[in-house]
Amino acid sequence: MKVTLIDYGAGNVTSVERALQRLGAVSQRSMSPECIAKAEALLLPGVGHYAALIRALEERGLRAPLLDALQRGIPFLGVCLGLQALYETSEEAPELGGLKLFSGSVRSLPASVKLPHMGWNQLKLIRPSRLLEGISADAYFYFAHSFAATDANGESVALCNHGTDFAAVIEKENIFAVQFHPEKSADAGARLLQNFLAFCESH
Amino acid sequence: MSLAHRIIPCLDTDGARVVKGVNFVGLRDAGDPVALAARYNAEGADELVVLDIAASRDRRPTFLATIRRVAAELAIPLTAGGGIRTLDDARAVIRAGADKVTVNTAAVARPELISELSREFGAQAVVLAIDAKRIGDHWDVMVRGGRDSANCDALAWAQQGVELGAGEILLTSVDRDGTQLGFDTPLTAAISRVASVPVIASGGAKLPEHFAQIFSEGAADAALAASIFHDNVQSIRELKHFLSAFNIEVRLPC
């Protein structure tokens, strides 16, 4: 089983790749529609501006093969922007449409707290999670973002709070996504990636 | 449940080796950056900062190689800086494996640099490093390694930097740097009050009490130190247990 990393030029692809290598996983980077169509498992890392990710998916013709793969049940993990991209729209770039797998939008966290939400935070568990299996309930994960999915949490298995509750971990059938960076979240992050790889293997 | 206060070891390098010295005088070798990075990653550091304090053009490839080797050891975020003057400089550092870049003197000279970096990499990747020194009733921004005054108010510069797109402020007290007398609490509290982004306090740390004070009274979001960690004066693990006993939220390593 090989994980295909959707490489649209995000800064954290190398970190994600390295984190997977440490777990003994085989991965390849790709930005071709053909590779995504043939992928056994997909990982969409993302950091920076929402528009850069959505535009890259459009320009490289990746939107259709990605949506098709998700519908066929290919295991998918979205990281940070890779979670935000699953919703309808984002306040960060209202003119662009997201992948629309989940209803609702991505909004700015409130100005009453320091932004970006930067650093290590804990999760509020909503229901049992495959990604969080074996991870202590008080574990910390590393976040670095100013926007979040705040109003559509039916698919959330865990929330985080920074000024307001927002989706931190999403799981729906073969679709997984996290707002934090597991590749930067020490042992807890490594275990989460391992859980995703285990799901991919058993799938 | 809230954001943990971060403890950040800093590696000042001459490009290849970790060096130390007060105010850039009498630099001496303090170790291999890769070995130190691996140690801090294992001890529960929340992030690592690597700076090229020589920042000379011809040593640049060496520094980038150091970043690549350090990044390979880490499962925590990495910030790199020193001598970043252009978008290309920042891109090279991020491609080498850094999650964030710091800008200092070059941003004072040309503040638009902050916006350019923020547009390209996102605010969360842009750390504005401010070296501040008390002058009369205010704090002046110092440049070129804390030696020259930029004749500009540190609080105003912090606010301007955030408006331009900085996502974090790395605040070094030039008065306290290297003294081990404790962080500059009034300076940090003042900057933290005016800045809407997280503030990393730096300069003067020695005792665990210094860290407790900068988080409680200084309202710092993170605290950075170098030689006390390199020289084993303070272990990160013990420091975090000390802070936790003071009800200061930290991420305890397992």
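Q: Leaving aside its neighbours within four places in sequence, which residues is B:K206 in contact with?
A: This is a predicted model, so let's read it as such. B:K206 sits in the loop between strand 11 (199–202) and helix 8 of chain B. Beyond its neighbours within four places in sequence, the residues in contact with B:K206 are B:Q180, B:I228 and B:V233.

Q: Is B:K206 buried, partly exposed or exposed?
A: A residue is buried with 20 or more other C-beta atoms within 10 Å and exposed with 12 or fewer. B:K206 has 17 C-beta neighbours inside 10 Å, so it counts as partly exposed.

Q: What separation do the C-alpha atoms of B:K206 and B:A225 have?
A: Along the chain, B:K206 and B:A225 are 19 residues apart. In space, their C-alpha atoms are separated by 8.3 Å.

Q: How is helix 8 of chain B oriented to helix 10 of chain B: parallel, antiparallel, perpendicular or oblique?
A: The axes of helix 8 (residues 208–216) and helix 10 (residues 236–245) of chain B come within 10 Å and cross at roughly 50°. Angles under 35 degrees count as roughly parallel and those from 65 to 115 as roughly perpendicular. The crossing angle therefore makes helix 8 of chain B, relative to helix 10 of chain B, oblique.

Q: Which class of residue makes the contact of helix 8 of chain B with helix 10 of chain B: nonpolar, polar or charged?
A: Helix 8 of chain B passes helix 10 of chain B in a right-handed crossing. Helix 8 of chain B brings B:P208, B:F211 and B:A212 to the contact, and helix 10 of chain B brings B:L239, B:F242 and B:L243. With no polar and no charged residues, the contact has six that are nonpolar.

Q: What radius of gyration does chain B have?
A: Chain B has 10 helices and 12 strands, and its C-alpha atoms fill a box of roughly 45 × 40 × 40 Å along the principal axes. For 254 residues, a compact globule would have a radius of gyration near 18 Å. Chain B agrees with that, at 17 Å.

Q: Among contacts in chain B between residues at least 6 apart in sequence, what percentage join residues at least 24 apart?
A: As background, 55% of the 254 residues of chain B count as buried. Taking the contacts between residues at least 6 apart in sequence, the share that joins residues at least 24 apart is 65%.

Q: Which element gives the most to the side of chain A that touches chain B?
A: The contact takes 30 residues from chain A and 25 residues from chain B. On the side of chain A, the elements giving two or more residues are helix 1 (13–22), strand 7 (117–122), strand 9 (140–145) and helix 6 (186–202). By class, that side has 11 nonpolar, 14 polar and five charged residues. The element that gives the most, with five residues, is strand 7 of chain A.

Q: Which residue does a cis peptide bond join to A:L115?
A: The partner is found in the loop between strand 6 (105–108) and strand 7 of chain A. Omega of the bond is about 0°, and the residue joined to A:L115 is A:P116.

Q: Is A:E173 buried or exposed?
A: A:E173 is not a glycine, although it has a positive phi of about 50°. This residue lies in the loop between strand 12 (165–172) and strand 13 (175–178) of chain A. With 9 other C-beta atoms within 10 Å, A:E173 is exposed.

Q: What is phi of B:N151 near?
A: B:N151 lies in strand 9 (residues 148–153) of chain B. With 10 C-beta neighbours inside 10 Å, B:N151 counts as exposed. Its phi is positive in a residue other than glycine, near 50°.

Note on methods: Residues numbered from 1 in each chain as written. Chains lettered and ligands numbered in written order. Predicted model: local features only at pLDDT ≥ 70, side-chain atom pairs only at ≥ 80, totals over all residues. Axes fitted to C-alpha atoms, helices over the stretch in contact; angles between N-to-C directions. Helix = DSSP H or I, 4+ residues; strand = E, 2+ residues; numbered from the N terminus. Parallel < 35°, antiparallel > 145°, perpendicular 65-115°, else oblique. Left-handed = near helix turned anticlockwise from the far one by under 90°. Contact = placed C-beta atoms within 7 Å. Nonpolar A, V, L, I, M, F, W, Y, C, P; charged D, E, K, R; others polar. Rg over C-alpha atoms; globule rule 2.2 N^0.38 Å.
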